[in-house]
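Please find below a colleague's note on the structure shown here. The points concern its pocket, its cavities, a sheet and one helical residue.

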Amino acid sequence: MINKTIKKIISITIIGVISLTAMTGCGSGKSKEKGELNVFNWTEYIPESVVKQFESEYGIKVNYSTYSSNEECLAKLQSSAQGTYDLVVPSDYMVSIMKKKGLLEKLDKDKITNFHNVNDVYLNRDFDKGNEYSVPFDTGAALIAVNTNVVKEDIKSYKDLLNPKYKNSMVVLDDQRILIGIALKALGYSLNETDDAKLAQAKAYLEKLKPNIKLYDSDSPKSSLISGEASIGLTWNAEAALAMNQNKNIKVVYPQEGMYIFIDNFAIPKGAKNKEAAELFINFILRPEINKKIVEAFPYKSVNKAAEDSLPDSYKNNPASNIPDKEMIKGESVKDVGAATAKFDKIWSEIKQ
């Protein structure tokens, strides 16, 4: 009788342990998930391994989708139901636009404890005083990349790109503010110029440039440079850096008129369903060892002062990834031009048709 009683107790205990295990989600897979996070980001910006590490550490499933321009991000945000996205990465001027349109949530920086890792140089900018709505992620520029094995001329200026010898040989960013901006810079104007006569001159420049353009590509312009399909690129600096690592004939040019400079930022859309998870993700990305992994994969200029000493020589010694400060200072950022944006839209649609 005693043995039967002991067996019964043991049996009940085992069943209870099994039931408790099932209820607490012990094991692998979705049972460990503590929620989800919907990220909408630029292409080739955060390596999949970093996203997977976040999922593994916090048990939060990340739904990751991408865009190719600030305008695409804005259009998708406006056309989607509120709460579709929890985290976006707009550039400086687009943060300003999204704020004005009421599309962003204020951040709870008490939950972003690694905020202090951001270099002060990139904080408290005009587009978001006090960084109430945005946290800098990285910075960079649109510069010129040249395959010196093909192009023998010494390119120094945006004006040099009009050379008819370069017909059907260029890959350029598929971005209206950048392309119209460099046309304005070539003419000696600000890339935020809104005067009709000056914009007409910029359009004329782009019409002259158009025969030289083989591809419009903001996603992976390095690919055509590496393959040799294009011999000149107006490209993101990180894309140029990666192309240089693959093809030693490629060099970068900092145009004498000054480059288009950007700061890309994390921001949380209005009505985000997973705001705390978004702030957790921002805090995770700001860890220096995570920033190092991102820079190694996609070498834009780091804004993380805590990561500086650990960044690899492949980043530090590449003139495309680690752009000299004097060239960054010489550059210009895009601003929100308000109602004049329609002028840029019209020029772009006519150039692209």
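The numbered points that follow describe a predicted model.

1. The largest pocket encloses about 480 Å³ of space. Its lining comprises 23 residues, and those closest to the pocket centre are Val121, Tyr122, Lys301, Asp325 and Met328. By character, this lining divides into 9 nonpolar, 7 polar and 7 charged residues.

2. Several elements contribute to the lining of the largest pocket: β9 (260–266), β10 (301–302), α11 (313–316), α12 (325–330) and β11 (332–333) each supply at least two residues. Helix α12 gives the most, with 3 residues. In terms of domains, at least three lining residues come from each of domain 1 (33–139 + 263–322) and domain 2 (140–261 + 332–351).

3. The structure also holds 2 cavities of 30 Å³ or more. The largest cavity has a volume of about 80 Å³. Residues lining the largest cavity include Trp42, Glu44, Asp219, Trp236, Glu239 and Asp264. Its lining is made up of 5 nonpolar, 2 polar and 4 charged residues. Because domain 1 and domain 2 both give residues to this lining, the largest cavity lies between them.

4. The second largest cavity holds about 50 Å³ of space. Among the residues that line it are Tyr45, Phe137, Asp138, Ile294, Phe298 and Tyr300. Strand β4 (135–147) and helix α10 (288–297) each supply at least two residues of this lining, and α10 provides the largest share, 3 residues. The lining of the second largest cavity consists of 7 nonpolar, 2 polar and 1 charged residues. Tyr45 and Tyr300 also appear in the lining of the largest cavity.

5. An open sheet of 3 strands runs in the order β2-β1-β3, with parallel pairing. Strands β2 (60–67) and β3 (87–88) stand at the edges with a single partner strand each, so one side of each is left without a neighbour in the sheet. Strand β1 (residues 35–42) pairs with β2 in the parallel sense over 8 bridges. Within this pairing, Asn38 has Asn63 in β2 as its bridge partner.

6. Is Glu55, in helix α2, buried or exposed? Glu55 counts as buried because its relative accessibility is 18%, and the cut-off for a buried residue is under 20%. The helix that carries Glu55, α2, spans residues 48–58. Beyond its neighbours within four places in sequence, Glu55 is in contact with Ile60, Lys61 and Val62.

Conventions:
Residues are numbered from 1 along each chain as its sequence is written. This is a predicted model: local features need pLDDT of at least 70, side-chain atom pairs count only at pLDDT 80 or more; totals for chains, interfaces and linings use all residues. Side-chain values use heavy atoms; hydrogens and water are left out. On a 1 Å grid over the protein atoms alone, a cavity is a set of points where a 1.4 Å probe fits but cannot get out, and a pocket is an open set with protein on both sides within 12 Å along at least five of seven lines; lining residues have an atom within 4 Å of a point. Grid points are joined across faces, edges and corners, and a volume is the space filled by probe spheres set on the points. Helices (H or I, at least four residues) and strands (E, at least two) are DSSP runs, numbered from the N terminus. Ala, Val, Leu, Ile, Met, Phe, Trp, Tyr, Cys and Pro count as nonpolar, Asp, Glu, Lys and Arg as charged, and the others, Gly among them, as polar. Domain bounds come from an automatic or database domain assignment. Buried means under 20% relative accessible area, exposed over 50%, partly exposed in between (1.4 Å probe, protein chains only). Contact means heavy atoms within 4.5 Å. Two strands pair if DSSP finds at least two bridges between them.
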